[in-house]
Amino acid sequence: MQSVISTNEERMKKTVASLKEGFASLRTGRASAALFDRLRVDCYGEKSPLNQVANISVPEARLIVIQPWDKSLIGEIEKAIRSSELSLNPSNDGKVIRISVPPLTEERRKELVKLAKNQAEQSRVSIRNIRRDANDELKKLLKNSSITEDDETKGTAELQKLTDSYIAQVNQVLEEKEKEIMEV
């Protein structure tokens, strides 16, 4: 019974971690190197993550500087940024790419909050599905007489506590991201 609970708790942790990772790439009004975590650049015939072909720094609150390790990749990096859904306009001087992060409009902020809420809801649903799977595992163990009815009842209660705890974490992460997005 304990293995079922610990295995599924691990899955819930991964769901929350995945949500945080997804939120890191959501653009706010502030410059952040995490915006480019999912961006891939065509590099020597292969798609490589941007952070593996260039140094990304944030010298000011609204400025990102990308310095490729190989200067011949500047065009490819610029192309990847322009074609991404980040809506950023890079400019280069032959050595580095500078990206000025414009402040978000009120309308865009609301869209991003809506997007964040959708991602959080998907995480909540995922956590509930994990709970359902774990409860099903406990019922199978009960049916096979591997555990008693009391164990199954305790396990179900423990899973519910875990579920509530991880859903609260999702709500907390969402609340923090909302504040960050709506901050002017």
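This briefing covers the fold, surface, cores and selected residues of one protein chain.

The model is predicted: local features need pLDDT of at least 70, side-chain atom pairs count only at pLDDT 80 or more, and totals for chains, interfaces and linings use all residues. Residues are numbered from 1 along each chain as its sequence is written, and side-chain values use heavy atoms, with hydrogens and water left out. The protein chain has four helices and six strands. Its radius of gyration is 22 Å, against the 16 Å or so of a compact globule of 184 residues.

**Fold and dimensions**

- Read from the N terminus, the elements run α-β-β-β-β-α-β-β-α-α. Helices (H or I, at least four residues) and strands (E, at least two) are DSSP runs, numbered from the N terminus.
- The radius of gyration is taken over C-alpha atoms, and the globule rule is 2.2 Å times the number of residues to the power 0.38.
- Along the principal axes, the C-alpha atoms fill a box of roughly 70 × 40 × 25 Å.
- Of the contacts with a separation of 6 or more, 64% join residues 24 or more positions apart. Contact means heavy atoms within 4.5 Å.

**Surface and charge**

- Buried residues make up 39% of the 184 in the protein chain. Buried means under 20% relative accessible area, exposed over 50%, and partly exposed in between (1.4 Å probe, protein chains only).
- The exposed area is about 10700 Å², with 47% of it from carbon and sulfur atoms. Accessible areas come from the Shrake-Rupley method with a 1.4 Å probe; for residues, only the protein chains shown count as cover.
- There are 31 positive and 30 negative side chains, and the centres of the two sets lie 3 Å apart. Lys and Arg count as positive, Asp and Glu as negative; His and the chain ends are not counted. Charges are placed at NZ of Lys, CZ of Arg, CG of Asp or CD of Glu.

**Nonpolar cores**

- The largest nonpolar core has 25 residues, and Phe23 and Ile127 have the most contacts inside it. Helix H1 (2–24), helix H3 (106–143) and helix H4 (149–182) each supply at least two of its residues.
- A second, separate core of 22 residues includes Ala31, Ile64, Ile66 and Ile97.
- A nonpolar core is a set of buried Ala, Val, Leu, Ile, Met, Phe, Trp, Tyr and Cys residues joined through side-chain atoms within 4.5 Å.

**Selected residues**

- Beyond four places in sequence, Phe23 contacts Ala116, Gln119, Val173, Leu174 and Lys177.
- Ser123 sits in helix H3. Ser123 is buried, at 7% relative accessible area. Leaving out residues up to four places away, Ser123 touches Thr15, Leu19 and Val170.
- Glu149 belongs to helix H4. Glu149 is exposed, at 59%. The C-alpha atoms of Glu149 and Val96 are separated by 65 Å, with their positions 53 residues apart along the chain.
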